[in-house]
Amino acid sequence: MHTIESTTLSLLLCRYRTAAGLTQAELAERAGVSVRSVSDVERGVSRWPHLDTVTRLADALALADEERVALVRAARRRRDRVADASSYRRDDLPHPLTPLIGREHDEAALVHLLRRPDIRLITVTGPPGVGKTRLGLRVAAESGQDFGDGVVFVALAAVRDAGLVPAAIAHALGMHESGARPALDVVLGALRDRHILLLLDNFEQVLPAGSVLVDLLSACPRVKILVTSRAALRLRGEQEYAAAPLATPDLAHLPALDDLGQYAAVALFMLRARAVKPTFELTDENAPAVAAICSRLDGLPLAIELAAARLKLFSPSALLERLDQRMRILTDGARDLPERQRTLQGAIAWSYDLLSKRERRLFRRVAVFAGGWTLEAAEAVCGASDEPAGSVMDGLASLIDKSLVVREDGTRGEPRFRMLETIHEYGRERLNESGETETLRSLHLDYYLGMAEMALAELRGPNQADWLERLERERDNARLALSWTLERSDAEAGLRLAFGLYLYWRKRGYLREGKRWLAALLALPEANRPAMWRARGLFAGAALKLWQFDLDGLTLLEEGLALARELGDWVLVADGLHAKGMAAYELGDAAHGIALLEEGMAISQRTGERWSIAQAQWTLGEIAYAHGDYERAAALNESSLAGFTQVGDVSYIALLILRQGYIVWGKGDATQAMRLFRKALRLAHGIGDTRCAAESMEAIGIMLSGDDESERGVWLLSAVARARDITGEPPRPTLRAAIDRAIATTRAMLGDAAFEAAWAAGRAMSHKRLIAELEGA
C-alpha cells in the first residue's frame with residue numbers, strides 16, 4: 001500500500017505531465033531520465049525518488065515556482081518517511097554543478113547492466129579525463145531507486161593503501177572500525193542483508209583490494225558494486241565497461257553548422273566556452289577550428305573543458321595553433337576539482353605514477369611510434385634485451401587494462417595499438433626525459449626501412465592489397481622515419497626508404513608527398529654515396545614527376561639512367577627506358593618512344609623480369625590504342641594481361657581490363673565496355689588502388705554523358721577531378737579529349753545552371769556515397 005506522501009508525489013507528477021500534454025516517454029526524453037523513472041514515480045513504486053531526478057522533471061515541465069516547490073516537498077516527504085522506516089537507507093551522492101553531456105547511451109547501457117540479476121560487479125574503465133566519475137555518479141543516481149537501501153558513494157582518490165579500502169567503505173556507510181572488529185567484518189555485518197549499490201570511485205591505485213570486493217559480494221548477496229577505475233580489476237564475475245571519448249566530427253567532411261553542435265564533444269566545448277564567454281557562438285568562421293580542437297583533444301571531456309576555458313585569452317583558431325603544446329596550455333582547471341584534474345598533465349601523470357618501472361619504460365618507448373603500431377613493431381623497437389620473451393605483449397596488455405593504450409583490429413585481424421594523442425604527447429615528453437629518444441628513433445627507422453624494402457616487391461605481386469592497407473596504416477610511421485633520416489642527414493637510409501615507398505605513393509595518389517621527400521633527400525650533402533641508392537632515388541623521383549606528366553622529371557631520369565648503366569643495374573635501366581619511352585610519346589615522338597620501350601623490354605627479357613616485360617607491353621598497347629590500332633592494342637593487352645596475371649599484380653590487371661573496355665567501346669560494343677569498366681572499378685577499389693579506381697570512374701562518367709544518366713556521369717567526372725586536384729595527377733593524354741567532350745556534351749544537354757549544380761554535388765560527395773552511385777549507375 002502506498003503512503004499518502006508517495007501518492008501525493010505520484011498524483012502531482014501525473015497531473016503536471018498531463019497538463020503539459022506530454023507522454024511519459026516525452027517527459028523522460030526532455031528531462032534526460034529513463035521512462036521507467038517517470039513511470040515508477042507516477043505509480044508510487046519509486047521507493048526513493050532522487051531529488052536530482054525530481055528537479056530534472058520539474059525543469060522539463062517548466063513548472064511555476066509554486067508547482068515546483070510542491071513537487072520537491074512531496075519528494076522530500078517521501079524520502080523522510082522511507083528513511084524513518086529504514087534508518088540505514090543512504091543516498092549521499094555528490095551532485096555535480098554542470099550537466100553531463102553525450103553520455104545518454106552509456107548511461108542507459110550501464111543502468112541496464114545493473115538491473116541484470118547475473119551481474120553484480122561493474123567496472124567503468126577509460127583513459128584519464130574521459131569522465132568516468134561523472135558517468136558513474138549519473139548511473140548511480142538513475143539506479144538508486146532500484147535499491148531498497150539506496151546508494152553509497154565511496155571516494156578512493158586519497159586512498160593509496162589497499163588495506164584501507166574496507167575502512168573507507170565503512171566510513172562512507174557512517175560506521176567506524178572498532179578495536180575488536182576489523183573494518184571488513186564491520187562492513188560485511190552491516191551489509192549482509194542490505195539491498196544496496198556501492199559506487200567505488202578511483203579504484204586504480206588500490207587494485208590489490210579487489211579481493212575485498214570479492215569477499216563483500218560473496219557474503220552480501222543483495223549488494224551490487226559499481227567501480228570507476230583507469231584499470232580493470234581482473235576479477236571473476238567482473239563486467240567491464242569502457243567509457244569512450246565523446247564523439248567528434250569528421251574534419252574531412254565537416255557537417256553543416258546546425259548539425260555540428262549535435263556532436264557531444266562540440267556540445268561540451270560550447271557549454272564550457274559560454275561559461276567563460278557568454279556571447280560565444282558557433283559561426284562559419286570559427287566552426288572548423290572548434291571541430292579541430294575537439295578532434296585534436298581526442299574528445300576527452302577534461303581536455304575539452306580546459307581548452308574551452310582558454311577562450312578568455314584566445315580565439316578558437318589561435319587556441320588550435322597552440323595545441324602542439326597542449327600539456328602547457330591545458331592547465332588552470334576549476335579550483336573545486338581534485339588536484340589531479342586541474343591540468344591535463346596532472347590527469348595523465350596520476351596514471352603514469354601508478355605504473356611499475358617496467359610498464360613506465362614500455363609506455364614511454366611506444367610513444368616513439370606515430371599513428372599506432374603492431375605487436376611485431378613494438379617487440380622489434382621497444383623490447384629490452386634483459387626481458388623474457390613475451391614481456392612486450394604482456395606489457396601492452398597491462399597498458400590496455402590501465403586505459404593508456406587502445407587496441408584496434410589491423411590488417412586481417414592482426415591487433416594494432418595506439419595512444420590517444422593527448423596521452424601520446426605525455427609519453428613523448430617522458431621519452432625525451434629518459435635520454436632514449438635517439439636510440440628508439442634509430443630502431444624505429446630500421447624497422448620501417450625493412451618493411452618498405454619488403455613492400456616494393458610485394459606491391460608488384462598477389463599480396464599488394466594487404467600491403468597497400470598495411471602501408472596506409474603505417475603512413476605516419478613512414479613519415480616519422482623519413483623525417484629522422486633528414487634530421488641526421490642519412491641520405492642512404494632515406495633514399496632506401498623512399499624507393500621502397502614510391503609505388504605505394506603512386507597507387508594511393510600521394511605523388512606530391514613522395515616528390516617532396518625525394519627532393520629533400522636528393523639534396524642532402526651525402527646523397528651521392530652510395531651511387532646505387534642515388535640512382536634509385538633519382539628514378540623514383542623522376543617516375544613520380546612523369547606520372548604527373550611533369551616532363552622536368554626527364555632531367556632526373558637521365559642522371560639516374562646514366563648511373564644505373566655505370567653500376568650495371570639492368571633492372572633499373574629497363575625501368576628507366578620504359579619511363580623515358582612513355583615521356584617521348586607524351587612529347588609527340590611516338591617512334592622514338594616505341595624504340596625506347598622495346599629496348600627496355602629486351603633488357604627485361606634477358607634479366608627475366610616478367611613484371612617489367614608486362615609493363616612495357618602495357619605502355620606499347622597504350623600507344624597503339626591512342627593511334628587507333630585496336631587490333632595491335634588488343635594483342636599487346638592480352639600479352640601484358642598474361643604477364644601480370646602470372647605475377648599476380650591485380651592493380652595492372654584492373655588497368656588492362658579498363659583498356660579492354662575502351663578497345664571494345666571503340667569497336668562499337670558499349671554494353672560490354674560498361675561491363676568491363678565496372679569490373680575494373682571493382683578490382684581497383686578492392687585493393688585500394690586510387691589511381692585505377694579514378695580512371696574507371698572517369699570511363700563510366702564518359703559513357704554516361706549524353707544519355708538519361710548524364711547527371712550521374714557529371715558527379716563521377718567531378719569527383720575524380722576533385723581527387724586529381726588533390727593528388728596533382730592529371731588524366732592520361734589518351735583520355736583528356738574524351739573527358740572534355742563528355743563535359744561539353746553534358747553541359748549542352750543539361751544547361752549551364754544544372755551542370756554547375758551537378759558538378760558541385762559531385763565534388764562534395766563522400767567516398768561512400770560515390771561508390772553507392774557507381775553501383776547504381
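These legends go with a set of close-up views of one predicted model.

**Figure 1. The whole chain, before we zoom in.**
The predicted model has 39 helices and 9 strands. Measure along the principal axes of the C-alpha trace, and the span comes to about 105 × 70 × 50 Å. Of the 777 residues in the chain, 54% are buried. Now take the contacts between residues at least 6 apart in sequence: 71% of them join residues at least 24 apart.

**Figure 2. Where helix 12 meets helix 13.**
Helix 12 covers residues 264–276, and helix 13 covers residues 287–296. Their axes are 9 Å apart, and the packing angle is about 110°. Angles of 65 to 115 degrees count as roughly perpendicular, so that is how helix 12 and helix 13 are described. The crossing of these two helices is right-handed. To find the contact in the view, look for Ala-265, Val-266 and Phe-269 on helix 12, and for Val-290, Ile-293 and Cys-294 on helix 13. What classes of residue make up this contact of helix 12 with helix 13? It has 6 nonpolar residues, with no polar and no charged ones.

**Figure 3. A close look at helix 17.**
Helix 17 runs over residues 344–353. Here 7 of its 10 residues are buried, so the rest of the structure largely encloses this helix. Which residues of helix 17 are buried? They are Leu-344, Ala-347, Ile-348, Ala-349, Trp-350, Ser-351 and Tyr-352.

**Figure 4. Arg-360 and the residues it touches.**
Arg-360 sits in helix 18, which takes in residues 357–366. Is Arg-360 buried or partly exposed? Its relative accessible area is 28%, so Arg-360 is partly exposed. Setting aside neighbours within four places in sequence, Arg-360 is in contact with Tyr-352, Asp-353 and Leu-355. One of these, Asp-353, offers its backbone oxygen, and the side chain of Arg-360 reaches that oxygen at 2.8 Å. You can also look for Leu-431, which is 71 residues away from Arg-360 along the chain. The C-alpha atoms of Arg-360 and Leu-431 are separated by 9.8 Å.

**Figure 5. Helix 22 alongside helix 23.**
Follow residues 437–458 for helix 22 and residues 464–473 for helix 23. The two pack at an angle of about 150°, and their axes are 10 Å apart. An angle over 145 degrees counts as roughly antiparallel, which makes helix 22 roughly antiparallel to helix 23. Their crossing is left-handed. On the helix 22 side, the contact uses Tyr-447, Met-451, Met-454, Ala-455 and Glu-458. Helix 23 brings Gln-464, Trp-467, Arg-470 and Leu-471. Sort the residues of this contact by class and you get 6 nonpolar, 1 polar and 2 charged.

**Figure 6. Gly-500, tucked into helix 25.**
Gly-500 belongs to helix 25, residues 491–507. With a relative accessible area of 1%, Gly-500 is buried. What does Gly-500 contact, leaving aside its neighbours within four places in sequence? The list is Ala-452, Ala-455 and Leu-456. Take Ala-452: it is 48 residues from Gly-500 in sequence, yet the two are 4.6 Å apart in space, C-alpha to C-alpha.

**Figure 7. Ser-483 in helix 24.**
Look for Ser-483 in helix 24, which covers residues 475–487. The side chain of Ser-483 reaches the backbone oxygen of Leu-480, and the distance is 2.7 Å. Not counting residues up to four places away in sequence, Ser-483 touches Arg-441 and Trp-517.

**Figure 8. Helix 27 packed against helix 28.**
Helix 27 takes up residues 531–547 and helix 28 takes up residues 553–567. How do these two helices pack? Their angle is about 150°, and their axes are 8 Å apart. Helix 27 and helix 28 are therefore roughly antiparallel, and helix 27 passes helix 28 in a left-handed crossing. Among the residues making the contact are Leu-538, Phe-539 and Ala-542 of helix 27, along with Leu-556, Gly-560 and Leu-563 of helix 28. By class, the contact of helix 27 with helix 28 divides into 13 nonpolar, 3 polar and 3 charged residues.

Notes:
Residues are numbered from 1 along each chain as its sequence is written. This is a predicted model: local features need pLDDT of at least 70, side-chain atom pairs count only at pLDDT 80 or more; totals for chains, interfaces and linings use all residues. Side-chain values use heavy atoms; hydrogens and water are left out. Axes are lines fitted to C-alpha atoms, for helices over the stretch in contact, and angles run from 0 to 180 degrees between N-to-C directions. Helices (H or I, at least four residues) and strands (E, at least two) are DSSP runs, numbered from the N terminus. Angles under 35 degrees count as roughly parallel, over 145 as roughly antiparallel, 65 to 115 as roughly perpendicular and the rest as oblique. A crossing is left-handed if the near helix is turned anticlockwise from the far one by less than a right angle, and right-handed if clockwise. Contact means heavy atoms within 4.5 Å. Ala, Val, Leu, Ile, Met, Phe, Trp, Tyr, Cys and Pro count as nonpolar, Asp, Glu, Lys and Arg as charged, and the others, Gly among them, as polar. A polar contact is a pair of N or O atoms within 3.5 Å; within protein, one must be able to donate a hydrogen and the other to accept it, and residues adjacent in sequence count only if both atoms are side-chain atoms. Buried means under 20% relative accessible area, exposed over 50%, partly exposed in between (1.4 Å probe, protein chains only).
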